[in-house]
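Let's take a friendly walk through this protein, stopping at rings, helices and a few individual residues. Have the sequence and the 3D view open as you read.

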Amino acid sequence: MGRPDLNRRHVLGGLSGLLVAGSLGFAALGTGADALAASGRTRVRYWNLFSGGDGSNMIAMLDAFRKEHPDIAVKDSTLQWGSPFYTKLAMAAAGDRAPELGVMHMGRVAGFSPGRLLDPWDVDLLAKYGVRESDYNPALWQRGVIDGKLYALPLDIHVQLCFYRKDVLKKAGLLGDDGRMIPVTSTTEWFDVLKKAKQAQKKGLQTIGLWTNDQNFQWWFFVAFYTQLGGQWFDDARTEVLFDTDKATQVLEFFRQHVTDGYVIPGAPTGEQFINGAPFTWEGNWSVPVFSAAKLDYGATPLPPVFGRQATHAESHSFVLPHQAGRGGATNEAAHELAAYVVRHALQWAAGGHIPAYTPTLSTAAYRKLQPQNEYVSAMDHQATEPKVWFAGSTGILAQDLGPLVVSSTMGSAKPASVAQKMRNQLTKLLASKNPMDGRTAAQGGAVA
């Protein structure tokens with residue numbers, strides 16, 4: 001993996017053993033992945049983008065399914081994370097060469113032309129295999145609903161977190177009686193915490209890692225704190241930009257202050273600094289296995305509600321049904337059964353840091369014992385997500401266009417107020433632009449927020 005930061009673009013970009021098969025090209029992983037369905041068995045082709053620890057956990061879950069369901073042959077294939085995955089999935093669906101089951105970030109669903117490149121889930125069939133809407137956080141379930149139909153079945157939510165070193169915070173008097181970081185409810189309190197932590201930390205280290213020059217992380221953090229301020233993006237009809245430049249400026253100035261006050265070393269490897277003794281780092285929950293493997297005495301909490309309202313950036317891996325002209329029958333039912341099984345047996349998945357979307361898992365004794373997962377599980381109830389438009393979602397156009405603007409403010413090459421206005425201007429352009437998948441604007445897409 002190269003370094004402990006677990007930046008997905010670096011981790012998964014280094015996927016080894018990539019095999020090319022056919023014009024779309026994909027890598028097959030997992031025991032039994034290359035086995036064709038034997039006589040009398042139903043084959044389910046399953047494309048995902050999981051590698052590293054995620055990939056190992058998924059393989060273990062698939063192998064458990066294979067053992068319990070010998071009548072279903074699962075052929076799982078792992079493709080490169082990010083835009084290459086979505087391009088290949090779109091090509092497969094458009095060319096009637098799609099697998100029975102796929103994975104997609106929830107934020108990308110609205111832009112994937114539901115009804116043309118994605119088929120809706122049969123909720124009655126999901127219920128047959130033990131998965132119902134009542135088993136989910138209502139807001140999370142609705143993110144997968146487009147025009148009244150479920151197109152994405154959530155597997156998890158993965159969130160940005162505030163990781164903290166308990167040894168340093170204890171020395172600084174910043175741990176409560178419960179052994180967790182003291183609550184923070186304002187920017188003033190937050191910078192006071194950083195000041196005390198800096199006085200107690202090792203010299204030569206930054207106080208907090210913020211991924212100051214990474215457009216994806218900076219964008220994710222912006223979404224979180226802009227949501228804390230109650231900021232809006234567009235009206236319900238997706239015809240008017242409601243982006244509040246004053247609120248955006250507040251967030252950008254907040255980020256910039258971490259640099260100007262000397263709490264951040266721009267460009268420093270955030271994960272390595274944290275392992276070496278830096279008091280804080282803001283990272284995705286996928287860093288949990290790395291920090292736990294390093295045997296650190298640490299905790300992880302949702303991003304601090306410095307603007308008064310709890311909200312931390314969240315995305316979700318979800319199962320989708322790539323469009324098949326002849327979808328139905330035994331293979332389609334097997335795809336529903338496989339997805340429902342993985343959703344209901346997500347304790348293994350939680351070991352990688354993700355919060356299982358299937359809420360009955362969260363109340364089990366086994367999940368409550370997971371640390372630090374049990375500390376940030378509340379993020380399920382205050383998710384800060386990107387707007388439900390075709391150009392949003394993980395590695396989407398929205399992050400590519402606005403992320404660098406946030407970086408320019410944080411790093412000091414542009415003024416926060418100027419950047420906020422540029423962000424609004426770009427949002428106006430994006431709202432009027434057409435989705436290359438179907439040639440429709442956000443207002444014409446029919447997505448219900």
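A residue counts as buried when its relative accessible area is under 20%, as exposed when that area is over 50%, and as partly exposed in between. With that in hand, start at W211: its relative accessibility is 8%, so W211 counts as buried. Please keep in mind that this is a predicted model.

## Backbone features

W211 is placed in the loop between strand 10 (208-209) and helix 8. Its phi is near 50 degrees, a positive value in a residue other than glycine. K295 also has a positive phi, of about 60 degrees, although K295 is not a glycine. You can find K295 in the loop between helix 11 and strand 12 (298-302). Is K295 buried or exposed? With a relative accessible area of 75%, K295 is exposed, because that value is over 50%.

Another backbone feature is the peptide bond from Q371 to P372, which is cis, with omega near 5 degrees. P372 belongs to the loop between helix 15 (365-368) and helix 16 (373-376).

## Aromatic rings

How many aromatic pairs does the model hold? The count comes to 38 aromatic pairs. One of them joins F50 and W349, with 4.7 Å from centre to centre and 70 degrees between the planes, an edge-to-face arrangement. This pair links distant parts of the chain, 299 residues apart: F50 is in the loop between strand 2 (42-48) and helix 2 (52-68), and W349 is in helix 13 (residues 347-350). F50 has a relative accessible area of 2%, so it is buried. W349, at 0% relative accessibility, counts as buried too.

W220 and W286 form another edge-to-face pair, with 6.0 Å between the centres and 80 degrees between the planes. Here again distant parts of the chain are linked, 66 residues apart: W220 lies in helix 8 (residues 215-228), and W286 lies in the loop between strand 11 (280-284) and helix 11 (288-293). Both W220 and W286 are buried.

A ring can also have a charge over it. The charged end of R108 sits over the ring of Y86, at 4.3 Å from the ring centre.

## Two helices that pack

Helix 9 (residues 245-260) packs with helix 18 (residues 416-432) at an angle of about 130 degrees, and their axes are 8 Å apart. Why is helix 9 called oblique to helix 18? An angle over 145 degrees would count as roughly antiparallel and one from 65 to 115 as roughly perpendicular, so about 130 degrees is oblique. The crossing of helix 9 and helix 18 is right-handed. On the helix 9 side, the contact is made by T245, A248, T249, L252 and E253. On the helix 18 side, the contributors are P416, A417, V419, A420, Q421, M423 and R424.

Further along helix 9 you will find H258. At 0% relative accessibility, H258 counts as buried. Setting aside residues up to four places away in sequence, H258 touches W190, F191, L194, I208, L210, Y263, V264 and W282.

## Three more residues to look up

The table gathers S316, P360 and I182, each with its relative accessible area.

| Residue | Location | Relative accessible area | C-alpha distance to a second residue |
|---|---|---|---|
| S316 | loop between strand 13 (312-315) and strand 14 (317-322) | 0%, buried | A392: 13 Å |
| P360 | helix 14 (residues 359-362) | 32%, partly exposed | Y263: 40 Å |
| I182 | loop between helix 6 (166-171) and helix 7 (187-200) | 27%, partly exposed | Y86: 41 Å |

Which residues surround S316 in contact, leaving aside neighbours within four places in sequence? They are M104, H105, M106, L140, R143, D156, I157 and H158. For I182, not counting residues up to four places away in sequence, the residues touched are L174, L175, G176 and V193.

The distances in the table can be set beside separations along the chain. S316 and A392 are 76 residues apart, P360 and Y263 are 97 residues apart, and I182 and Y86 are 96 residues apart.

Methods:
Residues numbered from 1 in each chain as written. Predicted model: local features only at pLDDT ≥ 70, side-chain atom pairs only at ≥ 80, totals over all residues. Heavy atoms only, no water. Phe/Tyr/Trp six-rings, centres within 6.5 Å; stacked < 30°, edge-to-face > 60°. Helix = DSSP H or I, 4+ residues; strand = E, 2+ residues; numbered from the N terminus. Buried < 20%, exposed > 50% of the residue type's maximum accessible area, 1.4 Å probe, protein only. Lys NZ or Arg CZ within 6 Å of the ring centre and 35° of its normal. Axes fitted to C-alpha atoms, helices over the stretch in contact; angles between N-to-C directions. Left-handed = near helix turned anticlockwise from the far one by under 90°. Contact = heavy atoms within 4.5 Å.
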